[in-house]
Every structure is written in structure tokens, then in C-alpha cells.
Amino acid sequence: MLSKSHALNEELCRAGRRFDARGWVLGTSGNFSAVIDREPLRLAITPSAAFKGELTPDVMLEIDERAEPVGESGGRRPSAEALLHVEIVRARGAGAVLHTHSIWSTLLSERYAGDGGLTIEGFEMLKGLEGVRTHEHREWLPIVDNDQDIARLAKVARHELDRHAGAHGFLIRRHGLYTWGADLRQAVRHVEILEFLLESVGRG
Ligand SMILES: [Zn+2]
């Protein structure tokens, strides 16, 4: 029988191929994780500098609650943003966290940076976000400034998540999108829904 982590690693690879095909994770950008265990916390996460369309289960890493690798890492390092994944899992009780670097998340995170976020409303596709029942829903997508100090960035992101309990994702300015889900399948759906909505707002 395949282990839970192996099954999650396979799913992370599939997410990589889907998003690569859409141009959302170009040039090894983006990173994905999924919760293997909660007590103690263990996440499967993509390694740094990997092309997301070419991921294989054996390159995935396991990290702990400090975003440090657990067990054999074969010289591979977790993504620099791993700490952000841990923070989101903690804040939202998420089972998976996905991060993309699309053109539209990059452009809109700059266009609406002055407002601290953007409202998306009136689109049928909003109903693809967990718990949303009507296109009349108003989704607030917070925007935080980019920061190479990931511990500081994680703290700022946590503050926004606490302030906006209903948010399904957030943008990092001129950088990309973070979203999550109860499991990987839901998180993948949220990426596709939010990327669709961002492109619709951007082109509209
Ligand atoms: Zn990034």
C-alpha cells in the first residue's frame, strides 16, 4: 500500500502539471504543500528551484512546524517560502497551501496595492470558493507587500488572515497568489477559481 505522503506527493506533481500548462508557475516559481500529519505537524512540500511541470514524487520534501526538513533531503532545500505555508496551515487549519506567480496576480497586486486588497464580486465563478453560494458574494483579497524576510512576511500575512477570516487567499505585491483548501483538491480548485477571477477583473 502506498503511504499517505506518497499519495500526496503524486497529487502535488499533478497540480504542478496543471498550473504549468496555464503559465502560472513559470521559471521554477511558485510552491505547493500538503499536510501529512498535524501532531506533530508535517508537510510535504515542493523543493526550491524545481520546474513545476516536471515534478516527480521523489523530489518532494517533508518539513516540520519550523519549516525545517525532516529526514533525508538529499541536498534539496524546501522552498524559501515554506514558513509561509506553515503559518497558513496554522491560521486556517488548511490541509494544503498553493502559491502561484501568474501575470494577473502580479499586475493586480500592484494596481490595487494602495487599497490594501481588492474586492471581487458579481461573478458566477465565485461559487467555486468553498462556502460561497451566490455570485453576489463579495470576496476581499488582501494584498501584502513583498518581503525577502520570510519570517516577517509570514507575520504580516498572519495578521491579514486574522483580520479577514472569510478570505480564501491573498496576494503578495508584484509577486503572486497564495490560497489553500481543506485538502489538495480543494486548494487546486481555489487556485483555478481565483486565477480565473483575477484575469476577469484584469481584462474587464
Ligand atoms: Zn513566490
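Contact, as the word is used here for a helix lying across strands, means heavy atoms within 4.5 Å. In this predicted model, helix 4 (residues 150–163) lies across strand 6 (138–144), strand 7 and strand 8, and its direction makes an angle of about 160 degrees with strand 6.

**The sheet and its helices**

The strands that helix 4 crosses belong to an open sheet of 8 strands, arranged in the order 3-2-1-4-8-7-6-5 with mixed pairing. Its edges are strand 3 (61–63) and strand 5 (117–121), each of which pairs on one side only, and from one strand to the next the twist averages 25 degrees. Within this order, strand 1 (residues 31–38) pairs with strand 4 (residues 96–100) in the antiparallel sense over 4 bridges, and Phe 32 stands opposite Leu 98 in strand 4. Helix 2 (residues 82–92) lies across strand 1, strand 2 (41–45), strand 3, strand 4, strand 7 (169–172) and strand 8 (176–181), and runs at about 130 degrees to strand 2.

**Helix 1 against helix 5**

Helix 1 and helix 5 pack with their axes 11 Å apart and at an angle of about 10 degrees; because angles under 35 degrees count as roughly parallel, helix 1 is described as roughly parallel to helix 5. On the side of helix 1 the contact is made by Leu 8, Glu 11, Leu 12, Ala 15, Arg 18 and Phe 19, and on the side of helix 5 by Leu 184, Arg 185, Val 188, Val 191 and Glu 192. By class, the residues of this contact divide into 7 nonpolar, no polar and 4 charged.

**Pockets**

The two pockets are set out below by volume and by the classes of their lining residues.

| Pocket | Volume | Lining by class |
|---|---|---|
| Largest pocket | About 250 Å³ | 5 nonpolar, 10 polar and 3 charged residues |
| Second largest pocket | About 210 Å³ | 3 nonpolar, no polar and 6 charged residues |

The largest pocket is lined by 18 residues, of which Asn 31, Ser 79, Ala 80, Glu 81 and His 101 are the closest to its centre. The second largest pocket has a lining made up of Glu 11, Arg 14, Ala 15, Arg 18, Leu 184, Arg 185, Val 188, Arg 189 and Glu 192. Helix 1 (4–21) and helix 5 (184–203) each supply at least two residues of that lining, and helix 5 contributes the largest share, 5 residues. Residues including Glu 11, Ala 15, Arg 18 and Leu 184 thus appear both in the contact between helix 1 and helix 5 and in the lining of the second largest pocket.

Key. Residues numbered from 1 in each chain as written. Predicted model: local features only at pLDDT ≥ 70, side-chain atom pairs only at ≥ 80, totals over all residues. Heavy atoms only, no water. Pairing = 2+ DSSP bridges. Axes fitted to C-alpha atoms, helices over the stretch in contact; angles between N-to-C directions. 1 Å grid on protein atoms, 1.4 Å probe; cavity = no way out; pocket = protein on both sides within 12 Å on 5 of 7 lines; lining within 4 Å. Points joined across faces, edges and corners; volume = space filled by probe spheres on them. Nonpolar A, V, L, I, M, F, W, Y, C, P; charged D, E, K, R; others polar. Parallel < 35°, antiparallel > 145°, perpendicular 65-115°, else oblique.
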